Amino acid sequence: MWSCHMALRRLQRIAAPLNIAGGLTSKAQREMSSLSRVYVTRQIPPEGLKILKESGQVQFELWDSDDVPVPRKELLQKVKGVDGLLCVLTEKIDKELLDAAGPNLKVISTMSVGFDHLSLEELKNRGIRVGYTPEVLTDAVAELTVALLLTTSRRLIEATHEAKTGGWGTWRTLWLCGYELANSTVGIFGLGRIGVAIAERLAPFKVKKFIYTDVAPRPELAKQINAEYGEENHFIVAQFVIRLLSMDELTKRSDFLAMCCALTPETKEICNKNFFSKMKKTSIFINTSRGGVVNQDDLYEALSTGQIAGAGLDVTVPEPLPTSHPLFTLKNCVILPHIASASYTTRNAMSALAANNLLLGLRDEPMIKELQL
């Protein structure tokens, strides 16, 4: 698995050969009319900006804010005639934007592992290449998923509130009791790199069984982590087993269920009333994938009626979720503001990878991580 620390060092080294173009000085390069025009839709972390600045390959303009997304009207103006676009997941890259950009646009690099904000069919039809940033955020997302699972299952937000507001009285036998990982069954919906990384981190908690569902068995992941894939559709990973089951079996058996899948037409609102009705009343539901995989009205009903014990969400629809949303009224629902990849190392590695993808694409060279359309 590609550690984000190792990835950042590698990406910094990759940037080096892009700093020189035909031996010209940086000043001479900037004066050349052949420099590619690029628009960056956000003030990305410094490693990525440094790579773009020192490449001598592009002239770029950026929306100089990390707090407020570029207004749509402004974005449509700024992309006119650009050769490349470096964006984040808050920007919808659709037909309207691509029409506004015009025929010069040849590369889009998104600083995200998800790509549901991109109109892939439009990009494919126009021959526009797409870079994205998987793998470098695996560790950070897995860590946050485990933290969110523990916070939800052991009711830490409730406990903190009680301690702060005077609810901490005498010791009580069942007050603020939660659910343990020891001897539990953990279900993973979508066993990609992040799903495996979550399982690896949870194994030391004495989890009894790991199960998963996916579109197909994942033997390639078993090879990457030196695991064994057998005829019974399971991985043996560091002395624990991950078994492949149907979605119905996953929901019925899981004490903890982590969503790790991409948002696709097939997974949109797959976590609905029928899904939650099959879960145990003691189950904890965790989503760090995409908010769109969950029907939030059905989740609210499941939580408020005791159909499931609790939910931890790092992603919602919309984002940010309005503070008036009913889910915020529930004590058994922990909601975070989409921070799964929010570590300094990971975000810098993501920005460096996005910058390198963009530069390599503009040079008609293979990207480090290119989305195959």
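Biologist: At 27% relative accessibility, how does arginine 155 count?

Modeller: In this predicted model, arginine 155 counts as partly exposed, because its 27% lies between the limits of 20% for buried and 50% for exposed. Arginine 155 sits in the loop between α7 and α8 (156–165). The backbone there deserves attention too: arginine 155 has a positive phi of about 55 degrees, although it is not a glycine.

Biologist: Which other residue that is not a glycine has a positive phi?

Modeller: Lysine 206 is such a residue, with a phi of about 70 degrees. Lysine 206 belongs to the loop between α9 and β7 (209–213) and is exposed, with a relative accessible area of 64%. A glycine with a positive phi is found as well: glycine 56, just after α3, has a value of about 65 degrees.

Biologist: How should I read the packing of two helices?

Modeller: Two packed helices are described by the angle between their axes and by the distance between those axes. Take helix α7 (residues 138–153) and helix α9 (residues 193–202): their angle is about 55 degrees and their axes are 9 Å apart. The two helices are therefore oblique to each other. The crossing of α7 and α9 is right-handed.

Biologist: Which residues make that contact?

Modeller: On the α7 side they are Thr138, Asp139, Val141, Ala142, Glu143, Thr145, Val146 and Leu149, and on the α9 side Arg193, Ile194, Ala197, Ile198, Arg201 and Leu202. By class, the contact of α7 with α9 comprises 8 nonpolar, 2 polar and 4 charged residues.

Biologist: At what angle do α3 and α14 pack?

Modeller: The angle between α3 and helix α14 (residues 344–362) is about 30 degrees, with axes 6 Å apart. That makes α3 roughly parallel to α14. From α3, Pro46, Glu47, Gly48, Ile51, Leu52 and Ser55 meet Asn348, Ser351, Ala352, Ala355, Asn356, Leu358 and Leu359 of α14. This contact of α3 with α14 holds 7 nonpolar, 5 polar and 1 charged residues. Several of the α3 residues are also buried, among them Gly48, Ile51 and Leu52.

Biologist: How can one recognise a buried face on a helix?

Modeller: An α-helix has 3.6 residues a turn, so residues three or four places apart point the same way. In helix α13 (residues 296–304), the buried residues are Gln296, Asp298, Leu299, Ala302 and Leu303. Viewed down the axis of α13, these residues fall within an arc of 155 degrees, so they line one face of the helix. Their cover includes α12 (273–277), β12 (284–287), β13 (310–313) and β14 (333–335).

Biologist: Is isoleucine 270 buried or exposed?

Modeller: Isoleucine 270 counts as buried, because its relative accessibility is 18% and the cut-off is 20%. Its place is in the loop between β11 (256–259) and α12. Beyond its neighbours within four places in sequence, isoleucine 270 is in contact with Phe189, Met247, Met259, Phe275 and Val293. As for valine 293, it lies 23 residues from isoleucine 270 along the chain, yet their C-alpha atoms are separated by 5.6 Å.

Biologist: Where are cis peptide bonds found?

Modeller: One joins valine 317 and proline 318, with omega about -5 degrees, and another joins glutamate 319 and proline 320, with omega about 0 degrees. Proline 318 lies in the loop between β13 and β14, and proline 320 is likewise in the loop between β13 and β14.

Biologist: How many helices and strands does the protein have?

Modeller: There are 14 helices and 14 strands. Of the 373 residues in the protein, 50% are buried. Among contacts between residues at least 6 apart in sequence, 66% join residues at least 24 apart.

Methods:
Residues numbered from 1 in each chain as written. Predicted model: local features only at pLDDT ≥ 70, side-chain atom pairs only at ≥ 80, totals over all residues. Heavy atoms only, no water. Axes fitted to C-alpha atoms, helices over the stretch in contact; angles between N-to-C directions. Helix = DSSP H or I, 4+ residues; strand = E, 2+ residues; numbered from the N terminus. Parallel < 35°, antiparallel > 145°, perpendicular 65-115°, else oblique. Left-handed = near helix turned anticlockwise from the far one by under 90°. Contact = heavy atoms within 4.5 Å. Nonpolar A, V, L, I, M, F, W, Y, C, P; charged D, E, K, R; others polar. Buried < 20%, exposed > 50% of the residue type's maximum accessible area, 1.4 Å probe, protein only. Arc of directions from axis to C-beta.
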